[in-house]
Amino acid sequence: MPTSTPDALRDVSVIIVGAGFSGLGLGIQLRRRGETSFVILERADDVGGSWRDNTYPGVACDVPSPLYSYSFRTNPDWSRMFSPGQEIWDYLRAAAREEGLGPHLRFGAEMLEARWNENDHRWTVRTPQGEFYGDVLVAATGHLTDIKLPEVPGLETFTGELFHSARWNHDFPLAGKRIGVVGTGASAIQIVPQLAEIADQLVVFQRSAPYIQPRRDRVFSEAEKNLFRRDQRTVEEMREMLFWYNDSRFAARRLIDDYLAEASWQALSHLDKQVSDPELRAKLTPDYTIGCKRILLSDDYYPAIQRPNVHLEAAALERVEGSTAFSAVGEAFELDVLVVATGFETYDLPSSYRIFGRGGNALADHWSNGMQAYKSIATAGFPNLFLLNGPGTSLGHNSVIYMIEAQIDHLLAALDWRSAHDGRVLEVSSDIENAFAKRLDEGAAETVIIRGGCSSWYLDPRNGRATLSWPDFAHRFRDECAPFDPAAYDHGEQSAARA
């Protein structure tokens with residue numbers, strides 16, 4: 001097996017692709033168990049995933065800090081309830097360093113191709129750093145990693161400065177410029193207040209108005225942080241309180257009238273209090289049921305929209321000609337900068353075109369009718385492949401870190417089973433995978449994501465399925481998906497390394 005450079009971890013038990021919350025979380029747990037035969041392949045030059053890539057002004061989490069962190073690595077030093085992006089990135093880098101993951105990390109090692117070998121029942125992953133070989137492949141690539149640009153005629157010919165919010169150009173001076181922001185999602189509502197402070201003119205292109213609730217952010221006092229440091233249980237208690245409060249909010253997404261009315265009232269009364277102009281308020285009022293798209297949190301977006309140098313264009317960006325941006329209602333704006341805050345490739349993951357299972361079949365082809373996986377982690381036709389933070393894991397009401405940890409528990413139990421059974425290959429059957437996917441589809445059909453009257457990144461536009469979303473309370477994901485049941489898997493083959 002030729003390699004480009006000598007590397008003791010070229011041939012391992014577990015190959016992990018991605019060094020964000022999922023990949024690092026699994027690596028930490030493997031290290032704590034004394035496992036050393038694993039490698040983490042990362043295409044960038046540092047860990048952190050989305051929190052490494054998103055460095056736009058105002059970037060912060062919209063999940064409370066004590067909840068948006070590993071339960072096995074609580075952090076007493078968060079500066080505030082909703083952490084700035086830099087703090088989360090620092091948290092992940094410290095976790096990788098202090099948990100001893102350095103020797104297992106390979107940077108600049110983008111997964112160009114991962115292929116199941118039918119002869120020795122193992123995976124080969126080709127990267128710019130050479131090939132890696134493993135019994136088990138873990139795709140921890142996430143679904144908020146590959147940027148999505150809008151299909152706008154002439155966008156590529158824009159004569160000014162153009163960049164995506166997740167690829168922020170910090171070298172370009174924005175003060176005094178005429179800036180357009182495309183999108184009004186979670187990133188845009190953090191960016192707009194920052195740009196409004198420095199732009200000569202700021203135009204916000206709004207395809208549809210989001211529901212925005214008060215953020216209720218606050219700084220943690222030194223007294224609180226000292227208490228957290230002295231007694232870890234206080235952090236855990238706050239985490240638990242926040243978890244159950246957030247989980248209760250799923251009831252609104254199940255269209256239970258009282259909960260739905262309360263969630264809507266919180267958003268619309270927030271709009272009424274902050275925007276007095278009835279014409280502007282009408283433009284900022286959503287035309288779909290709350291929860292159909294992600295509910296956003298902000299205290300400064302509405303005030304920013306009302307600044308004299310800011311214009312809300314209640315229409316999508318339709319085309320670009322030179323330095324002129326035209327909206328769908330025919331308005332023209334001369335701009336120096338276009339910031340595209342249009343999200344990521346979510347339903348049709350680029351990584352799925354690089355993973356080939358039995359018979360050389362691509363995961364993208366297997367998912368041509370929408371992403372799906374048994375217990376959101378295993379896919380038929382792809383032996384010893386496990387997915388972290390993939391199909392059926394997204395939430396609009398709680399922390400995805402909780403979901404990731406439940407999946408890690410399932411995966412660790414699967415690895416234990418393999419170790420106790422001579423490295424047998426684990427592969428879920430199509431019937432079991434399809435039955436699980438059908439249950440999720442049936443659950444989603446009763447939620448606002450399907451019945452709320454909007455399109456969102458939770459949905460696959462090819463078929464209308466909510467392939468990304470978990471259609472239930474978060475705690476039920478753990479109840480159902482964390483346990484490993486070997487009876488759900490075929491396990492007749494044996495890896496060559498164990499044979």
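Let's start with Arg178, which forms a salt bridge with Asp336, the closest N and O atoms being 2.9 Å apart. Before I go on, please keep in mind that this is a predicted model. Arg178 lies in strand β8, residues 178-182, and Asp336 in the loop between β15 (332-334) and β16 (337-340), so the pair ties together parts that are 158 residues apart in sequence. How buried or exposed are the two partners? Arg178 has 27% relative accessibility, so that residue counts as partly exposed. Asp336 comes out at 22%, and counts as partly exposed too.

Next on my list is Arg465, which forms a salt bridge with Asp441, with 3.1 Å between the closest N and O atoms. Here Arg465 sits in the loop between α14 (448-451) and α15 (474-481), while Asp441 belongs to helix α13, residues 430-444, so this pair ties together parts 24 residues apart in sequence. Arg465 is buried, with a relative accessible area of 14%, whereas Asp441, at 30%, counts as partly exposed.

Glu446 also forms a salt bridge, with Arg451, and there the closest N and O atoms are 3.5 Å apart. Glu446 is partly exposed, and its relative accessible area is 40%. Then there is a group rather than a pair: Arg32, Arg73, Glu98 and Glu99 are linked in a network of salt bridges. And how many salt bridges are there in the whole structure? The search finds 33.

Staying with charged side chains for a moment, two arginines are placed against aromatic rings. The charged end of Arg115 sits over the ring of Phe356, 4.3 Å from its centre. Likewise, the charged end of Arg215 sits over the ring of Phe82, and in that case the distance to the ring centre is 4.5 Å.

That brings us to the rings themselves. The count comes to 21 aromatic pairs. Let me pick out one of them, Phe21 with Tyr91: the ring centres are 6.3 Å apart and the planes are at 35°, so the pair is tilted. For anyone who wants the reasoning, planes under 30 degrees apart count as stacked and over 60 as edge-to-face, with the rest called tilted. This pair links distant parts of the chain, since Phe21 is in helix α1 (residues 21-32) and Tyr91 is in helix α3 (residues 85-98), 70 residues apart. Phe21 counts as buried, at 7% relative accessibility, and Tyr91 counts as buried at 7% as well. Both rings are part of one aromatic cluster made up of Phe21, Trp51, Tyr68, Tyr70, Phe72, Trp78 and Tyr91.

Phe21 also takes us to the nonpolar cores. Which residues touch the most other members of the largest nonpolar core? Among its 100 residues, they are Phe21, Leu202, Tyr301 and Tyr489. Helix α12, residues 400-420, gives the most to this core, with 11 residues. Domain 1 and domain 2 both give residues to the core, so it lies between them.

Let's look around Tyr301. Leaving out residues up to four places away in sequence, Tyr301 touches Thr184, Ile189, Val192, Pro193, Val204, Ile212, Leu284 and Leu312. Apart from the largest core lies another one, of 26 residues, with Trp123, Leu137, Met371 and Phe382 among them.

Some of those neighbours of Tyr301 turn up again in helix α4. Eight of the nine residues of α4, residues 188-196, are buried, so the helix is largely enclosed by the rest of the structure. The buried ones are Ala188, Ile189, Gln190, Ile191, Val192, Pro193, Leu195 and Ala196.

Now for the domains. The protein chain is divided into domain 1, covering 11-47 + 101-146 + 345-490, and domain 2, covering 155-210 + 249-340. Their centres, taken over C-alpha atoms, are separated by 33 Å. How many residues of each domain are in contact with the other? It is 19 residues of domain 1 with 14 residues of domain 2.

My last stop is His421, found in the loop between α12 and β19 (427-428). His421 is partly exposed, with a relative accessible area of 34%. Measuring tools at the ready in your viewer: from His421 to Thr346 it is 36 Å, C-alpha to C-alpha, with their positions 75 residues apart in sequence.

How values were computed: Residues are numbered from 1 along each chain as its sequence is written. This is a predicted model: local features need pLDDT of at least 70, side-chain atom pairs count only at pLDDT 80 or more; totals for chains, interfaces and linings use all residues. Side-chain values use heavy atoms; hydrogens and water are left out. A salt bridge is a side-chain nitrogen of Lys or Arg within 4 Å of a carboxyl oxygen of Asp or Glu. Helices (H or I, at least four residues) and strands (E, at least two) are DSSP runs, numbered from the N terminus. Buried means under 20% relative accessible area, exposed over 50%, partly exposed in between (1.4 Å probe, protein chains only). A nonpolar core is a set of buried Ala, Val, Leu, Ile, Met, Phe, Trp, Tyr and Cys residues joined through side-chain atoms within 4.5 Å. Domain bounds come from an automatic or database domain assignment. Contact means heavy atoms within 4.5 Å. Rings of Phe, Tyr and Trp (its six-membered ring) pair if their centres lie within 6.5 Å; planes under 30 degrees apart count as stacked, over 60 as edge-to-face and the rest as tilted. A charge sits over a ring if NZ of Lys or CZ of Arg is within 6 Å of the ring centre and within 35 degrees of the ring normal.
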